[in-house]
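Work through the exercises below with the sequence and the structure at hand. Each task is followed by a solution in steps.

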Amino acid sequence: MRSTNEIRSTFLDYFQKNNHQHVPSSSLVPQNDPTLLFTNAGMVQFKNVFTGQEHRPYSRATTAQKVVRAGGKHNDLDNVGYTARHHTFFEMMGNFSFGDYFKEGAIEFAWNLITKEFGLSKDKLLATVYAEDEEAANLWKKIAGFSDDRIIRINTSDNFWRMGDTGPCGPCSEIFYDHGEDVFGGPPGSPDEDGDRFVEIWNLVFMQYFEDPPGTRNPLPRPSIDTGMGLERFAAIMQGKRDNFDIDTFQALIRASADVTNTDPFGAHKVSHRVVSDHLRSAAFLIADGVLPSKDGRGYVLRRIMRRAMRHLHMIGTQEPTFYKILPALITEMGTAYPELIQAEALISETLKGEEERFKTMLDRGLSLLADETDKLPSKGKLPGDVAFKLYDTYGFPLDLTADALREKGFTVDQEGFDSAMNEQRSRARAAWVGSGDNATETVWFEFKDKLGATEFLGYKNESADAEI
Ligand code: ATP
Ligand code: MG
Ligand code: MG
Ligand code: MG
């Protein structure tokens, strides 16, 4: 069996053999784009290269990129633990051509890697193309020998990538793996596409046009390639698993989570162990890249992730801080590929432990309040917004933690009521301030806070240059 670490190396070696420069992963905190919450794709560090603002001494690159999708446009947080294929932190493998090879080269590289180097059977694979991209459909027939029924034409934005309202854009082609008839799910574009049977493994973006002003597209003189392959999804296939959480890396973390809590990894707490293993990776990698838990911005997203994991550990039955005790297992699995984890081990460990100590007492009290309130609810009922707000404001429960706790019992939360309770508190705070003196800077401050959201930073809503892959 090939380990996830070996699969990563095979990918990078293959592209290096084909004259790609191996570029290290960039930080999870984007260095060139303040509007982006976290690095959410391999292409983020190359944005300025694609637009032509920046030049590199190479025209082909390959990376294993650390990615977090827990906010902004790509938010997979709520899926984690519940689907077989979504993580908040994952590694996106990629190959990039900056005006070098184009569509044919990209499809050929991808096809040869997965079928020859990795030996996947052609019968398990299919591809989507953008409905108007006949060229890509023909290349799939020529290179992979696909018949028409294995090439799915999609005419939505899922298969048309754009960097922003203006800039490079173009059609995509996604490669899917079929996990077989006994897994629920339909092919891409069908009503059941959200199941786990047909899993997207690799997205190829053909940057073919430049759009400016919006709506006006001109062909790029030297079109480019940007691709992203989910390492964990691919490892699942290579390891004969249908579920990403069954791969070696995750099993090691899940076992560690079960060990430190003295529970069965596959028993009643299975979902919790999955959530904990996923959130540990996000939290540890974010802290290693300099993010610390806080009241707003990136730090608040980190806090949400950490507290969510801590609630799950609490549910498993822990009394003492526990999250940090799983960290050594992560370092064993991923420290060689990502030495920043080893360098930051003490900081990560103390940050996890400190946060769990602080949150623990409020967590107990908040959960008992939540239990009292849910006892009053009819089945499939909605938790009133003011209760969710009290949990947030007094007990430090991020809204998504409350929603996650309710979800297990089939309840939902009144988001509008929560928002209006938040707004009311904001107006009260403002009235109190205005009473303290007529100071122009205070008014400006409140306008600023209103714009950004009060104590809860609700995410970077307008990611100007969000990455689709
Ligand atoms: P999906 O449709 O499955 O949510 P996507 O189209 O949003 O995936 P891309 O933006 O194309 O994903 O990212 C490139 C690749 O990264 C995907 O083909 C997939 O293999 C992987 N990937 C995307 N999101 C996740 C995730 N949350 N966890 C693990 N792997 C992911
Ligand atoms: Mg997605
Ligand atoms: Mg997709
Ligand atoms: Mg995709």
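Asp33 is buried, with 7% relative accessible area, in a model that is predicted.

**Exercise 1. Which residue forms a salt bridge with Asp33, and is that residue buried or exposed?**

Solution.
- Step 1. The partner of Asp33 is Lys47, and the closest N and O atoms of the pair are 3.0 Å apart.
- Step 2. Asp33 lies in the loop between strand S1 (21–22) and helix H2 (47–51), while Lys47 belongs to helix H2; the pair, 14 residues apart, links distant parts of the chain.
- Step 3. Buried means under 20% relative accessible area. Lys47 has 5% relative accessibility, so Lys47 counts as buried. Asp33, at 7%, is buried too.
- Step 4. In general, side chains of opposite charge can pair when their charged atoms come close.

**Exercise 2. Classify Leu37 and Val44 as buried or exposed, and state how far apart the C-alpha atoms are in the pairs Leu37–Ala106 and Val44–Gln31.**

Solution.
- Step 1. Leu37 is placed in the loop between S1 and H2, and Val44 is in the loop between S1 and H2 as well.
- Step 2. Leu37 has a relative accessible area of 2% and is therefore buried. Val44 is buried, also with a value of 2%.
- Step 3. Leu37 and Ala106 are 69 residues apart along the chain, and 29 Å separates their C-alpha atoms.
- Step 4. For Val44 and Gln31, 13 residues apart along the chain, the C-alpha separation is 9.1 Å.

**Exercise 3. Describe the salt bridges of Glu54 and Asp148, and assign each of the four side chains an exposure class.**

Solution.
- Step 1. Glu54 meets Arg56 in a salt bridge of 2.8 Å, N to O.
- Step 2. Glu54 has 28% relative accessibility and counts as partly exposed. Arg56 is partly exposed at 24%.
- Step 3. Asp148 pairs with Arg153 in a salt bridge whose closest N and O atoms are 3.6 Å apart.
- Step 4. Asp148 is partly exposed, at 44%, and Arg153 is partly exposed, at 35%.

**Exercise 4. How many salt bridges does the structure hold, and which residues are linked in a network with Asp78?**

Solution.
- Step 1. The structure holds 31 salt bridges.
- Step 2. A network of salt bridges links Asp78 with Arg304, Arg308, Arg311, Asp400, Asp404 and Glu408.

**Exercise 5. Which residues form a negative surface patch, and where is Asp158 found?**

Solution.
- Step 1. The negative surface patch consists of Asp158, Asp192, Glu193 and Asp194.
- Step 2. Asp158 sits in the loop between strand S5 (151–154) and strand S6 (160–162).
- Step 3. Membership in a patch requires over 30% relative accessible area and no salt bridge. Asp158 has 42% relative accessibility and counts as partly exposed.

**Exercise 6. Place Glu373 in the structure and list its contacts, leaving out residues up to four places away in sequence.**

Solution.
- Step 1. Glu373 is in helix H11, residues 345–375.
- Step 2. With a relative accessible area of 16%, Glu373 is buried.
- Step 3. Glu373 touches Leu383 and Val387.
- Step 4. Val387 is one of the buried residues of helix H12 (residues 385–395). The buried residues of H12 are Gly385, Val387, Ala388, Phe389, Leu391, Tyr392 and Tyr395.
- Step 5. An α-helix has 3.6 residues a turn, so residues three or four places apart point the same way.
- Step 6. Just after H12, Gly396 has a positive phi of about 70°.

**Exercise 7. Inspect the backbone at Asn19, Asn262 and Pro213: what are the phi values of Asn19 and Asn262, and is the peptide bond from Asp212 to Pro213 cis or trans?**

Solution.
- Step 1. Asn19 is not a glycine, yet its phi is positive, about 65°. Asn19 is located in the loop between helix H1 (4–17) and S1, and is exposed at 61% relative accessible area.
- Step 2. Asn262 has a positive phi near 55° and is likewise a residue other than glycine. Asn262 lies in the loop between helix H6 (248–261) and helix H7 (270–288). With 73% relative accessible area, Asn262 is exposed.
- Step 3. The peptide bond from Asp212 to Pro213 is cis, with omega near -5°. Pro213 is in the loop between strand S8 (198–211) and strand S9 (217–230).

Terms used. Residues numbered from 1 in each chain as written. Chains lettered and ligands numbered in written order. Predicted model: local features only at pLDDT ≥ 70, side-chain atom pairs only at ≥ 80, totals over all residues. Heavy atoms only, no water. Helix = DSSP H or I, 4+ residues; strand = E, 2+ residues; numbered from the N terminus. Buried < 20%, exposed > 50% of the residue type's maximum accessible area, 1.4 Å probe, protein only. Contact = heavy atoms within 4.5 Å. Patch = residues over 30% accessible without salt bridge, like charges linked within 9 Å, V, L, I, M, F, W, Y side chains within 5 Å. Areas by Shrake-Rupley, 256 points an atom, 1.4 Å probe, with all protein chains shown as cover. Lys, Arg positive; Asp, Glu negative; His and termini not counted. Charge placed at Lys NZ, Arg CZ, Asp CG, Glu CD.
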